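Here is a friendly tour of one protein chain, written for someone who likes to think at the bench. Have the model open beside you as you read.

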Amino acid sequence: MPPPRLYPATCPYLRRPRCQRPHHSRLFSTTTPSHRPSIGPESPNYIHVPRAPQPDAYYRPHIKGILPTPRPIFPQHDKTAPETKTSDAYFALTIPPPSPATLNAPIPKGLGPSTRRLIEWKSKIADHRRRNLRESLVELRERKKKTDARLDARIAAKQYQRDRLLNAPTPADEKFTAASVLQSTLPSRSGLQDPDREARIQQKREMFAAHDAMKKAERRNALHTLYMNAREFIVTEEKLNEAVEKAFDPY
């Protein structure tokens, strides 16, 4: 007689185990995403954190170091520098052409082909340096002229606009809508009247001259005192020895 058959419905401990499905999806995960395997655990992007739909602010990377201020080729205080540094005399001193002896000097026959090519290459590079320096100085001079002309025109236009607004008469709408003020009480553009100005200036000049004369007299007196006391100065080794013996000798 075969043994009785057991059904899973009658025996709960014989049922196949099943995983419970979660009711909601998990948004936060601490595992490494599969589509970014190159991000290491030391990166802050290793753990995926959901971000807001608002875009992030633009981050301007910090550049290390400070660029030095370019050296002025044509100083502002020297107005003749652009013409001086582009003259033939300046080029003759700065980039003198090779002498005829150097140009006509034959290449020694014992040198190899690589040495000959090196000598020719050095001569060609020297010519390029001379030409580049000459052309760059000339172009910089023309650029400086254009820049200075543009700056002068801008300054002149601003000065003209300032003078025009400063000396412009009062507009008609302001004149007709302004309160009634006597002409004598209006502020004068020429400044306050000072009838005693010349006398006060002359008095200040006399006071300054007297103070300057007093300072010169004090300086002359101090110089004369220094000259009279100079005869007692110690300027030689013999005088120094005498002074030491006189100071430390009790008798």
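How much area does the chain expose, and what share of it do carbon and sulfur atoms supply? The chain exposes about 24800 Å², and carbon and sulfur atoms supply 59% of that area. Accessible areas come from the Shrake-Rupley method with a 1.4 Å probe, and for residues only the protein chains shown count as cover.

Before going further, a word on the model and its numbering. This is a predicted model, in which local features need pLDDT of at least 70 and side-chain atom pairs count only at pLDDT 80 or more, while totals for chains, interfaces and linings use all residues. Residues are numbered from 1 along each chain as its sequence is written, and side-chain values use heavy atoms, with hydrogens and water left out.

**Overall picture**

The chain has seven helices and zero strands, giving the pattern α-α-α-α-α-α-α along the sequence. Here helices (H or I, at least four residues) and strands (E, at least two) are DSSP runs, numbered from the N terminus. Of the 251 residues, 5% count as buried. Buried means under 20% relative accessible area, exposed means over 50%, and partly exposed lies in between (1.4 Å probe, protein chains only). Turning to contacts (heavy atoms within 4.5 Å), residues 24 or more positions apart account for 41% of those with a separation of 6 or more.

**Around T86 and L137**

T86 sits in the loop between α1 (81-84) and α2 (88-94). Is this residue, T86, buried or exposed? With a relative accessibility of 12%, T86 counts as buried. Its side chain makes polar contacts, meaning a pair of N or O atoms within 3.5 Å; within protein, one must be able to donate a hydrogen and the other to accept it, and residues adjacent in sequence count only if both atoms are side-chain atoms. The T86 side chain reaches the backbone oxygen of P82 at 2.6 Å and the backbone oxygen of E83 at 3.4 Å. Leaving aside residues up to four places away in sequence, T86 touches F91, L137, V138 and R141.

L137, one of those partners, lies in helix α4. L137 is buried, with a relative accessible area of 7%. Not counting residues up to four places away in sequence, L137 touches I73, F74, K85, T86, Y90 and F91. L137 and I73 are 64 residues apart in sequence, yet their C-alpha atoms are 8.6 Å apart in space.

**Salt bridges**

Side chains of opposite charge can pair when their charged atoms come close. A salt bridge here is a side-chain nitrogen of Lys or Arg within 4 Å of a carboxyl oxygen of Asp or Glu, and the count comes to seven. The table shows some of them.

| Acidic residue | Basic partner | N to O distance |
|---|---|---|
| D127 | R130 | 2.8 Å |
| D148 | K144 | 3.4 Å |
| D163 | R162 | 3.5 Å |

D127 and R130 both lie in helix α4 (residues 113-166), three residues apart, about one turn of the helix. D127 is partly exposed at 37%, and R130 is partly exposed at 23%. D148 and K144 also both lie in helix α4, four residues apart, again about one turn of the helix. In this pair D148 is partly exposed at 27%, whereas K144 counts as buried at 16%. D163 is partly exposed, with a relative accessible area of 28%. Salt bridges that share partners also join E83, R141, E142 and K145 into one network.

**Towards the C-terminal helices**

L226 has its place in helix α6 (residues 197-229) and is partly exposed, with a relative accessible area of 47%. Together with L223, F233 and V235, L226 makes a nonpolar surface patch of about 420 Å². Patches are made of residues with over 30% relative accessible area and no salt bridge: like charges are joined within 9 Å, and nonpolar side chains (Val, Leu, Ile, Met, Phe, Trp, Tyr) within 5 Å.

T236 caps the N-terminal end of α7, with a side-chain oxygen 3.4 Å from the backbone nitrogen of K239. Why does α7 lie largely in the open? Of its 12 residues, the number buried is zero, so α7 lies largely in the open. The expected span of a helix is 1.5 Å times one less than its number of residues. For the 12 residues of α7 (residues 237-248) that should be 16 Å, and the end C-alpha atoms are 17 Å apart, which agrees.
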